[in-house]
Amino acid sequence: MAARRFPEGFVWGTATAAHQVEGGNWNNDWWAWEHTPGSPCQEPSGDACDHWHRYPEDIRLCADLGFGAYRFSLEWSRIEPEDGEFSRAALDHYRRMCATCREHDLEPIVTFHHFTTPRWVAARGGWTEPSTSDRFARFCERAAAHLGDVIARACTLSEPNIVATMGHLYGIFPPGKRDADLRRRANDVLIAAHQKAVEAIRTGPGSASVGLTLAMSDCQAVAGGDAERDRYRHDMEDVFLEAARGDDFLGVQCYSRTRIGPEGMLDPDWDVRITQMGYEFWPEALEATIRRAWEVTRGVPVLVTENGIGTEDDAERIEYVGRALPGVLACLADGIDVRGYIYWSLLDNFEWILGYRPTFGLVAVDRVTQARTPKPSARWLGDIARANALSEPTDDPGSSS
């Protein structure tokens, strides 16, 4: 067992994002996108998990399960519903969330932007408008002034590469554009926003560490696809990893691998299990992305801020995480500074264009009553968190038919 222990102080937690769980966030670009005729959204977010009102129950549940951290996001459109108009009530709400975490001995890991942007920002050009970086920094400065002394760690942007790529190149996230130049412009604005936000958050009270979180994939070249793989990774990952070299940590968010040939991205290998999200069951990707983040950032500490699986089969969830965590231990054994592991997600929630069909949660949520029911995986991972060690492997713990 000694070789399977994690270092003292290793952080174990779960995560949510405001729009995916709070409910009623009508003043952002995603709510508008959900209600735009012809958008790919399968259903609107609606009341989501009503986390806006039920957060005390959810935070208590997270602690009772055995975790030591809770990562959640601020909804910018609630805090600054119009340009320069800040809501003290909304800021107080998020301060109470942080305080509730502290009461239950959970580290509040606060993300300042998780996909959703106020409608008034989107109407002025969104993430392709350079001035958005200054508006975001102003929001971060105001929020940090109110919350900085109760935040443990701050994430500026969650997966800015997804915001840029899915919204401006593939056209499936707002604003629904398909233009490579717009994607590059969005990358530039998001990088500027991150760097300004780091400084803005550091001006606040407290001593929270500050970093970026990035969607990463184990990009594998297939049959002469090396050059195309490198090109893909440059715009998708490297420009952000290079921009994060001065940060306190880098949040790695990883779910699967991406196979790339000479003509670009390939379809999943249908000999591999496919998850509810349509990508491969490939838990070993986490180790590969941690190693790459450490290399490209030149030694910025890593915090796994998202890793998990959308599946109806909870045994498969246990199998997935049980195969991913040894990769974290292997990275630690090689001297890579990995600070913690945050499972995505605490609750079955709104999964963007796919609605409520994919179930990533350790806790099931009844779509009618909002009742919370922890799954066996929640107890299993919570026990690992309490022990700060992997249990000995069992015979095929997560087999599924």
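Helices (H or I, at least four residues) and strands (E, at least two) are DSSP runs, numbered from the N terminus, and the expected span of a helix is 1.5 Å times one less than its number of residues. The structure is a predicted model, in which local features need pLDDT of at least 70 and side-chain atom pairs count only at pLDDT 80 or more, while totals for chains, interfaces and linings use all residues. Residues are numbered from 1 along each chain as its sequence is written, and side-chain values use heavy atoms, with hydrogens and water left out.

**Exercise 1. Set the span of helix H7 beside its expected span, then do likewise for H5, and list what covers their buried residues.**

Step 1. Helix H7 runs over residues 131-147, and its 17 residues reach 24 Å from the first C-alpha to the last, close to the expected 24 Å. H5, with 16 residues, reaches 22 Å, again close to the 22 Å expected at 1.5 Å a residue.

Step 2. Buried means under 20% relative accessible area, exposed over 50%, and partly exposed in between (1.4 Å probe, protein chains only). The buried residues of H7 include Arg 135, Phe 136, Phe 139, Cys 140 and His 146, and those of H5 include His 93, Tyr 94, Met 97 and Cys 101.

Step 3. Contact means heavy atoms within 4.5 Å. The cover over the buried residues of H7 includes helix H4 (76-79), helix H5 (88-103), helix H6 (119-123), E4 and helix H9 (180-202). For H5, the cover includes helix H1 (18-21), H3, strand E2 (69-73), H4, E3 and H7.

**Exercise 2. Describe how helices H3 and H13 meet.**

Step 1. Axes are lines fitted to C-alpha atoms, for helices over the stretch in contact, and angles run from 0 to 180 degrees between N-to-C directions. The axes of H3 (residues 51-65) and H13 (residues 376-387) come within 8 Å and cross at roughly 65 degrees.

Step 2. On the H3 side the contact is made by Ala 63, Asp 64 and Leu 65, and on the H13 side by Ala 378, Arg 379, Gly 382, Asp 383 and Arg 386.

Step 3. Sorted by class, this contact has 3 nonpolar, 1 polar and 4 charged residues, where Ala, Val, Leu, Ile, Met, Phe, Trp, Tyr, Cys and Pro count as nonpolar, Asp, Glu, Lys and Arg as charged, and the others, Gly among them, as polar.

**Exercise 3. Find the salt bridges of Arg 153 and Arg 257, and state how accessible each partner is.**

Step 1. A salt bridge is a side-chain nitrogen of Lys or Arg within 4 Å of a carboxyl oxygen of Asp or Glu, and a search of the whole structure finds 32 of them.

Step 2. Arg 153 meets Glu 107 at 2.9 Å, N to O. This pair links distant parts of the chain, with Arg 153 in strand E4 (residues 153-158) and Glu 107 in strand E3 (residues 107-111), 46 residues apart. Arg 153 is buried at 13% relative accessibility, whereas Glu 107 is partly exposed at 24%.

Step 3. Arg 257 meets Asp 269 at 3.9 Å, N to O. Arg 257 belongs to strand E6 (residues 249-261), and Asp 269 lies in the loop between strand E7 (264-265) and helix H11 (285-296), 12 residues apart. Arg 257 is buried at 12%, and Asp 269 is partly exposed at 23%.

Step 4. Salt bridges also link Arg 273, Glu 284, Glu 316, Glu 319 and Arg 323 in a network.

**Exercise 4. Locate the cis peptide bonds before Pro 175 and Ser 345, and the positive phi of Phe 115.**

Step 1. Most residues other than glycine have a negative phi, and most peptide bonds are trans.

Step 2. The bond from Pro 174 to Pro 175 is cis, with omega near 10 degrees, and Pro 175 is found in the loop between helix H8 (160-168) and H9. Trp 344 and Ser 345 are also joined by a cis bond, with omega about 5 degrees, and Ser 345 lies in the loop between strand E9 (338-344) and strand E10 (363-365).

Step 3. Phe 115 has a positive phi, near 80 degrees; its place is the loop between E3 and H6, and it is buried at 6% relative accessibility.

**Exercise 5. Decide which stretch calls for caution.**

Step 1. pLDDT is the predictor's confidence in each residue, from 0 to 100. The protein chain has a mean pLDDT of 96, and 97% of its residues reach 70 or more.

Step 2. Over residues 394-401 the pLDDT is below 50, and beyond near neighbours in sequence this stretch has 10 contacts in the model. Where pLDDT is low, the predicted coordinates should not be read in detail.
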